[in-house]
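Trainee: I am new to this structure and would like a close look at a single part of it. Could you pick one residue, stay with it for a while, and then lead me outward from there?

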Amino acid sequence: MSRQTDPTLLAPSGLLCSLAGMHGPVALTSTNATFTWVMESALPGAMQSAYAIEVTVERDGTIVWNTGKVISQDSVAVPYTGKPLLPETNYAWRVRTWDSRDSASAWSCQQQFKTGTLHESGHGSRFTTPRYDVVQTPVSPRLIRQLVSGSVLVDFARDAFAGLDLTFEAPNPFTVHVHMGEAAEPDGRVCRTPPGTVRYHTVEMPVSSGSATVRVPLTTADMRLMPDSIVAVMPFRYVEIEGLPRDASVVSASQIMAHYPFDDSAATFQSSSPELDAVWDLCKYTMKATSFGGVFVDGDRERLPYEADALINQLGYYYCDREYTLARYSHEYLIVNPTWPTEWILDSVLIAWNDYLYTGDLTSIRAFYHDLKAKTLTDLSRADGLISSSNATPEILSAVYRDHIKDIVDWPFVEWDDYEFLPINTVVNAFHYRAVAIMAQIASALGFSDDAEAYRAQARRVYDSFNAVLYATVAGAYVDGEGSAHSSLHANMIALAFGLVPEDRQPRVMQFVRSKGMACSVYGAQFLLEACYATGMDDYAMELMSSSGPRSWLSMMRDLGATMTTEAWDGIVKPNQDWNHAWGAAPANIIPRFVMGIEPIDPGYRVVRIRPQPGGLSSAQIKTPTIRGAIEAAFDVTEHGFELTVQLPANMTAEVWLPRGTAEAAHLTLDEGDVTGRVEGRFLVLTGVGSGRHRIARRG
């Protein structure tokens with residue numbers, strides 16, 4: 001018999017049904033519903049020992065599933081096994097938990113969910129994760145002021161995909177010209193001839209007398225992907241009102257911003273570097289602002305989903321909001337609507353693993369398992385395991401929903417660092433290695449042990465051949481392909497990022513990478529930064545992220561005036577670029593994953609690794625969401641050592657890795673008590689750190 005409800009064990013919160021529910025009910029289309037919640041406890045080290053779930057028909061309260069008390073620590077993606085769900089029906093569910101003392105919580109508040117047209121999960125295009133509706137939020141301007149020209153300038157501080165409402169007051173009717181745009185001239189006026197795909201719109205608009213609010217017509221707005229319920233939007237920051245009579249005034253203005261539901265308070269970051277803080281703010285805002293279509297896209301110019309964009313967007317979004325449906329929906333769309341680059345076909349496998357690692361929910365990768373197997377492109381391999389896109393047959397292409405594929409390495413082409421394209425391409429094979437290594441983990445998670453072993457064998461084969469065929473011993477670097485004499489940044493940074501470089505070769509490859517600078521695109525920067533943190537070059541990574549040089553995030557803001565990350569470093573690199581490209585927002589995931597070191601090492605954050613790499617920062621603090629609740633972490637680097645404070649949610653444990661510094665032994669303090677961890681290369685490691693607030697310190 002369980003004890004009476006314990007006030008220290010609070011009712012569960014953060015309920016998700018099939019990853020949805022935080023922003024209202026969405027219609028499930030699969031019978032395979034899953035349930036997730038956040039265990040709440042005021043006690044340190046709290047772990048769930050049991051749960052109970054109740055699902056009812058909302059109309060009459062009929063119970064369709066009552067689990068009773070289930071002995072389990074599972075609080076993520078618990079599968080529904082009750083009476084068959086009916087289509088087009090509203091349901092409600094609630095949950096309670098028990099802790100290791102067998103103390104029971106109160107029942108959670110009920111959460112509603114509904115069903116649409118239902119089908120078994122199946123695989124391929126039959127399965128689609130439900131998603132929320134795009135919403136529109138009014139945004140007030142930072143300033144409204146009169147220019148020397150006589151025009152009135154409205155500055156909303158940040159670019160947004162939005163409509164525009166203006167409220168005027170005047171004794172008589174009048175007509176004005178309204179100019180809207182993403183760029184401004186030095187005198188404050190809206191730029192009428194912006195570069196590339198930077199947007200500008202103008203309209204002549206009549207206004208009635210008295211107090212009148214008008215919606216500015218956006219007759220030329222690009223509404224691809226936008227639902228009918230959304231007011232026409234375009235990206236703009238500045239508004240210039242020309243021709244306003246002297247006896248008229250602008251009372252108010254509102255950007256009507258379109259975006260996927262987003263919790264602005266879910267993630268925060270601050271450090272001893274104002275430059276890094278500005279980069280974080282830029283990238284976090286990009287996560288929200290580019291979600292306007294309800295699917296990850298490559299920006300305003302094309303408004304198309306691409307796997308490369310989705311991979312970077314997915315990771316950033318996870319660290320900025322506890323919201324998983326947008327990333328999963330985008331991934332599932334791309335599985336059956338892929339793009340042409342060879343490496344980006346392989347990206348689907350990486351995205352699928354991230355989906356499972358961060359959510360703990362197997363539903364999607366189970367539904368698309370056969371498609372993911374095809375997307376490893378193993379069928380393109382020769383006897384030694386290395387693959388070539390030139391080996392693609394109609395059957396192989398059909399299996400990945402394409403009629404052709406082509407190697408890309410980076411984009412735009414001027415960012416290739418003189419890459420030499422050959423049939424056995426080093427970057428392509430690095431992505432292939434990463435995909436098959438991950439596919440082994442996916443197969444194992446789904447219980448396909450034979451497949452898992454086959455993919456592990458393929459990964460070993462590729463690793464050995466990659467290092468035998470593509471490394472130039474004299475140069476101490478990887479060449480661009482079989483038969484090439486040229487070594488690019490890309491071939492080497494991606495080999496480092498994906499764990500293909502043996503330890504004895506790392507110093508020379510690292511030296512080569514550092515010698516090249518930012519000789520890659522904003523997309524390539526993701527892998528350059530990953531390579532730095534994988535090999536202890538956190539000082540160099542910090543230098544790159546906080547740089548104010550021409551190929552930097554600060555330059556996007558300072559020199560271009562962008563308030564979202566851009567498609568390319570500047571207009572010289574890509575004259576037709578747009579100013580709203582999430583693939584340029586790598587620091588949105590790099591800062592929490594590597595600077596603060598927060599990554600799940602067991603799917604669904606059952607175990608988290610916290611391994612900060614300060615890279616010259618003296619202090620930093622973060623709050624970031626997870627499927628199990630928010631993690632907070634802060635570090636201070638002092639002349640005496642390193643101190644880390646963490647706050648972990650219940651039902652989670654952590655491995656804490658502190659930079660080793662000058663310490664020769666793993667002597668640490670945990671909450672003022674002495675503890676001994678283990679030495680792991682550049683780190684001192686402490687395992688089994690439980691929930692609650694902890695201070696871990698190293699002297700020396």
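Mentor: Let's begin with Ser364, which counts as buried because its relative accessible area is 2%, under the 20% cut-off for that word. Keep in mind as we go that this is a predicted model. Ser364 has its place in helix H5, which covers residues 363–367. Leaving aside residues up to four places away in sequence, Ser364 touches Phe127, Arg328, Glu332 and Asp355.

Two of those neighbours give us paths to follow. Take Phe127 first, as it leads to an enclosed space. The model has 2 cavities of 30 Å³ or more, and the largest cavity holds about 110 Å³ of space. Its lining is made by 14 residues, and Phe127 is among those closest to the centre, together with Ser18, Ser30, Asn32 and Pro130. Strand S2 (residues 27–30) gives the largest share of that lining, 3 residues. So the contact list of Ser364 includes Phe127, and Phe127 also helps to line the largest cavity.

The other path starts at Asp355, also on the contact list of Ser364. Helix H4 runs over residues 342–359, and two aromatic residues in this helix, Trp353 and Tyr356, lie 3 residues apart, about one turn. What does that spacing do in general? An α-helix has 3.6 residues a turn, so residues three or four places apart point the same way. The ring centres of Trp353 and Tyr356 are 5.6 Å apart with the planes at 70 degrees, so this pair is edge-to-face. Trp353 and Tyr356 are both buried.

Helix H4 also takes part in an aromatic pair that reaches across the chain. By the rule used here there are 41 aromatic pairs. One of them joins Trp344 to Trp583, edge-to-face, with 6.1 Å from centre to centre and 90 degrees between the planes. Trp344 belongs to helix H4, whereas Trp583 sits in the loop between helix H14 (553–560) and helix H15 (587–595), so the pair links distant parts of the chain, 239 residues apart. Trp344 is buried, at 4% relative accessibility, and Trp583 is buried too, at 3%.

H4 turns up once more at the largest pocket, which has a volume of about 840 Å³. This pocket is lined by 32 residues, and those nearest its centre are Arg434, Ala497, Arg593, Glu599 and Arg609. The elements that give two or more residues to the lining are helix H2 (307–320), H4, helix H8 (426–445), H12, H15 and strand S21 (598–600).

From H12 we can step to another helix. Helix H11 spans residues 506–516, and its buried residues are Val509, Met510, Phe512 and Val513. These cover an arc of only 160 degrees around the axis, which puts them on the same side of H11. Pro507, Gln511 and Ser515 are exposed on the other side. What covers the buried residues of H11? The cover includes helix H12 (524–534), along with helix H10 (489–497), helix H13 (538–545), strand S19 (471–472) and strand S20 (477–478). After H11 comes Gly517, with a positive phi, near 65 degrees.

Rings gather elsewhere in the model as well. Phe35, Trp37, Tyr51, Trp65, Tyr80, Tyr91, Trp93 and Phe113 are linked by ring pairs into a cluster. The residue after Tyr80 in number, Thr81, lies in the loop between strand S7 (78–79) and strand S8 (90–99). Thr81 is exposed, at 58% relative accessibility. Its C-alpha atom is separated by 9.4 Å from that of Thr34, although Thr81 and Thr34 are 47 residues apart along the chain.

Some rings also have a charge over them. The charged end of Arg94 sits over the ring of Trp107, 4.2 Å from the ring centre. For Arg158, the charged end sits over the ring of Tyr285, 3.9 Å from its centre.

To finish, set another buried residue beside Ser364. Arg698, in strand S31 (residues 692–699), is buried, at 9% relative accessibility. Not counting residues up to four places away in sequence, Arg698 touches a list that includes His640, Phe642, Leu658, Arg660 and Leu684. From Arg698 to Val675 the C-alpha distance is 10 Å, with their places 23 residues apart in sequence.

Key:
Residues are numbered from 1 along each chain as its sequence is written. This is a predicted model: local features need pLDDT of at least 70, side-chain atom pairs count only at pLDDT 80 or more; totals for chains, interfaces and linings use all residues. Side-chain values use heavy atoms; hydrogens and water are left out. Rings of Phe, Tyr and Trp (its six-membered ring) pair if their centres lie within 6.5 Å; planes under 30 degrees apart count as stacked, over 60 as edge-to-face and the rest as tilted. Helices (H or I, at least four residues) and strands (E, at least two) are DSSP runs, numbered from the N terminus. Buried means under 20% relative accessible area, exposed over 50%, partly exposed in between (1.4 Å probe, protein chains only). A charge sits over a ring if NZ of Lys or CZ of Arg is within 6 Å of the ring centre and within 35 degrees of the ring normal. The arc is that of the directions from the helix axis to the C-beta atoms. Contact means heavy atoms within 4.5 Å. On a 1 Å grid over the protein atoms alone, a cavity is a set of points where a 1.4 Å probe fits but cannot get out, and a pocket is an open set with protein on both sides within 12 Å along at least five of seven lines; lining residues have an atom within 4 Å of a point. Grid points are joined across faces, edges and corners, and a volume is the space filled by probe spheres set on the points.
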